[in-house]
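I opened a fresh page for this chain and kept my notes short. Here is what I looked up, in the order I went through it.

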Amino acid sequence: MEMVENKQISAWEGYVDWRRKPALIGKHGGMLAASFVLVVEVLENLAFLANASNLVLYLSQHMHFSPSQSANSVTNFMGTAFMLALLGGFLADAFFTTYHIYVLSAFLELLGLVVLTIQAWSASLKPARCDVTSKTCEAVHGGKAAVLFTGLYLVALGVGGIKGSLPTHGAEQLDQETSQGRKQRSTFFNYFVFCLASGALVAVTLVVWVEDNKGWQWGFGISTFAIFLSIPVFLSGSKFYRNKVPSGSPLTTISKVLVAAAFFNSNNGSRNSRNAAMAITHSQPIHRSREGDIEEPQSLKFPSESLGVLNRAVLKGCSVDEVEEVKVVIKILPIFICTIMLSCCLAQLSTFSVHQASTMDTSLGSLKVPPASLPVFPVLFIMLLAPVYDHVVIPFARKVTKTEMGVSHLQRIGVGLFLSVIAMAVAALVEVKRKRVAATSGLFDSKKPLPVTFFWIAFQYLFLGSADLFTLAGLLEFFFAEAPGSMRSLATALSWASLAMGYYLSSAMVSIVNSVTGALNHNPWLSGQNLNHYRLERFYWLMCILSLFNFIHYLFWASRYKYRSTK
């Protein structure tokens with residue numbers, strides 16, 4: 001009997017190993033288990049970003065899309081990939097584990113990359129070459145387009161599942177109930193972004209160079225090998241992982257509470273949270289001691305006063321815990337919404353910014369730098385800043401503020417949003433300079449490289465890359481720490497859903513801006529084959545103004561947010 005009790009005490013409550021046996025303290029979990037996730041993230045992001053960063057040129061040069069069509073296709077693809085993280089997170093919370101979702105998603109991404117590699121190898125699966133005489137190009141269509149989009153969206157489905165499960169899987173290895181575990185969690189998320197950048201570094205340098213100089217079939221092939229290699233690396237950590245047991249659909253809990261509160265409200269509108277508290281008190285079972293005396297309930301719970309309208313759901317059979325969980329979800333939604341505009345700005349790094357660089361002098365001595373390798377600037381900055389932030393800034397901030405976090409999640413997100421405002425202003429000024437050079441050098445209507453170095457574009461990449469570091473790491477940890485345990489994967493996936501909505505918003509803004517400006521002066525800002533004819537600087541100024549309003553909007557919500565706990 002004593003051995004059984006000791007065995008029960010040494011097990012992680014609510015966690016199992018990969019064989020579905022109880023996960024044991026000291027054997028499963030910890031930084032060693034989380035380190036496998038960090039290595040896998042390097043390979044996974046290498047496979048994804050190698051193609052995403054250069055895809056806009058692949059679609060325009062090899063699939064013969066126009067610049068705006070290729071930009072919209074890339075933003076739709078990346079938006080879908082990140083949005084599907086919600087599906088991956090939901091399945092991990094409700095039915096499977098993050099462990100199983102990652103393995104399944106990696107195989108789906110592998111299948112999609114195989115399809116794209118085969119198409120890049122086979123001339124019969126690509127559109128005909130451009131007619132040199134008439135200077136016309138026929139865009140990919142029919143069965144060839146079906147092959148292209150099948151491959152792309154299989155990759156998107158796989159990437160979504162991975163993004164929705166992998167960061168949560170790593171963070172779940174660390175004990176959230178101790179100060180040391182929470183500090184390790186903060187370190188994990190910092191280095192998760194570091195590893196994400198490490199994969200990106202290889203992607204935007206080596207793989208992009210291979211794609212531009214040796215052929216896209218080799219680029220897709222490298223990505224295929226990287227995601228293939230990530231699977232055995234991930235599986236090799238199986239004996240160390242602790243996997244959270246799925247607790248059922250979090251959407252069921254959310255809908256149950258909302259419907260109960262709404263139904264009660266329609267019939268008993270005069271009740272409030274105090275009535276709910278009274279009902280809880282009266283509904284507690286009466287406990288008596290052995291002598292027959294009435295004892296106080298040992299775990300009496302009352303709903304909080306915030307969002308009191310939801311407390312009515314308690315009177316319709318919902319538990320206090322369920323009501324409080326839904327309140328947390330509702331409270332984090334404004335923070336999530338405020339990050340979408342930043343993601344819209346980030347979408348420009350893989351679309352119009354690449355096109356801008358492709359019109360400029362990309363020489364670096366005797367080396368010709370591919371335009372899609374420009375993200376190397378923010379990537380290197382992230383790789384430098386992430387360790388400094390974790391080992392210098394955070395310890396110093398903890399000493400100054402005498403708090404466990406040092407710098408709060410919301411402060412970190414706010415810095416990222418402010419940097420996005422500066423980034424779009426810089427982007428607008430650089431575009432003004434680029435077009436001035438085009439005009440003064442007589443190359444405004446030419447497609448020849450302009451006599452201005454592409455290093456000017458690096459400034460907007462630097463600011464947006466820094467904004468991404470602060471916001472993404474802050475968001476991942478904020479959602480993980482604040483979300484109820486039963487919906488951590490889904491909540492953490494909101495970080496990627498923000499990117500998705502930003503990419504969709506970017507596509508929508510391009511279409512809306514073209515429609516409005518085309519109707520007003522018959523000359524859309526972002527239309528045509530020659531980027532010099534675009535009014536891209538005006539579009540960037542519009543983004544800058546919207547980002548400023550968004551930052552002010554964020555300050556309103558962040559200043560009113562109260563953290564659920566320090567855990």
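The entries below go from the whole chain to single residues.

**Entry 1: confidence**

I started with how far to trust the coordinates, since this is a predicted model. The mean pLDDT of the chain came out at 83, and 90% of the residues reach 70 or more. I then asked where in the chain confidence is lowest and where it is highest. The low end is helix α1 (residues 2-9), with a mean of 45, and the high end is helix α20 (residues 536-558), at 93.

I noted two stretches with pLDDT below 50. One covers residues 1-8, and beyond near neighbours in sequence it has zero contacts in the model. The other covers residues 282-298, and there I found eleven contacts beyond near neighbours in sequence.

**Entry 2: the chain as a whole**

I found 20 helices and nine strands. Of the 567 residues, 54% count as buried. The accessible surface comes to about 25,000 Å², and carbon and sulfur atoms hold 65% of that area. I also looked at contacts between residues at least 6 apart in sequence: 80% of them join residues at least 24 apart.

**Entry 3: a three-stranded sheet**

In what order do the strands of the open sheet run? I read β2-β1-β3, with antiparallel pairing. β2 and β3 (243-244) are at the edges with a single partner strand each, so each has one side without a neighbour in the sheet. A reminder to myself: strands of a sheet pair through backbone hydrogen bonds. Between β1 and β2 I counted two bridges, and Ala11 stands opposite Leu24 in β2.

**Entry 4: salt bridges**

How many salt bridges does the structure hold? The count is nine, and I followed several of them.

Arg182 pairs with Glu404, with the closest N and O atoms 2.7 Å apart. Arg182 is in helix α8 (residues 179-213) and Glu404 in the loop between α15 and α16, so this bridge ties together parts 222 residues apart in sequence. Arg182 is buried, at 10% relative accessible area, whereas Glu404 is partly exposed at 22%.

Helix α8 turned up again in my next pair. Glu477 forms a salt bridge with Arg185, with the closest N and O atoms 3.6 Å apart. Because Glu477 lies in helix α17 (residues 458-482) and Arg185 in helix α8, the pair ties together parts 292 residues apart in sequence. Are these partners buried or exposed? Glu477 is buried at 6% relative accessible area, and Arg185 is buried at 3%.

I then went to Lys435 and Glu537, whose side chains meet in a salt bridge at 3.4 Å, N to O. This pair links helix α16, home of Lys435, to helix α20, home of Glu537, across 102 residues. Both residues are buried. I also wrote down a network: Glu41, Glu44 and Lys163 are joined by salt bridges that share partners.

**Entry 5: positive phi**

I looked for positive phi in residues other than glycine and noted two cases, Arg20 and Lys402. Arg20 has phi near 70° and is in the loop between β1 (11-16) and β2 (22-24), so that loop links back to my sheet entry. Arg20 is exposed, with a relative accessible area of 55%.

Lys402 has phi near 55°. Its place is the loop between α15 (376-401) and α16 (409-440), the loop in which I had already put Glu404. Lys402 is exposed, at 74% relative accessible area.

**Entry 6: nonpolar residues at the surface**

Which residues form a nonpolar patch on the surface? I listed Trp209, Leu364, Leu367 and Phe455, with about 360 Å² of accessible area together. Leu367 is in strand β8 (residues 367-368) and is partly exposed, at 46% relative accessible area.

My last stop was Phe107, in helix α6 (residues 98-121). At 46% relative accessibility, Phe107 counts as partly exposed because that value lies between the 20% and 50% cut-offs. I also checked the distance from Phe107 to Val155: their C-alpha atoms are separated by 9.5 Å, with their positions 48 residues apart along the chain.

Definitions and conventions
Residues are numbered from 1 along each chain as its sequence is written. Side-chain values use heavy atoms; hydrogens and water are left out. Patches are made of residues with over 30% relative accessible area and no salt bridge: like charges are joined within 9 Å, nonpolar side chains (Val, Leu, Ile, Met, Phe, Trp, Tyr) within 5 Å. Accessible areas come from the Shrake-Rupley method with a 1.4 Å probe; for residues, only the protein chains shown count as cover. A salt bridge is a side-chain nitrogen of Lys or Arg within 4 Å of a carboxyl oxygen of Asp or Glu. Helices (H or I, at least four residues) and strands (E, at least two) are DSSP runs, numbered from the N terminus. Buried means under 20% relative accessible area, exposed over 50%, partly exposed in between (1.4 Å probe, protein chains only). pLDDT is the predictor's confidence in each residue, from 0 to 100. Contact means heavy atoms within 4.5 Å. Two strands pair if DSSP finds at least two bridges between them.
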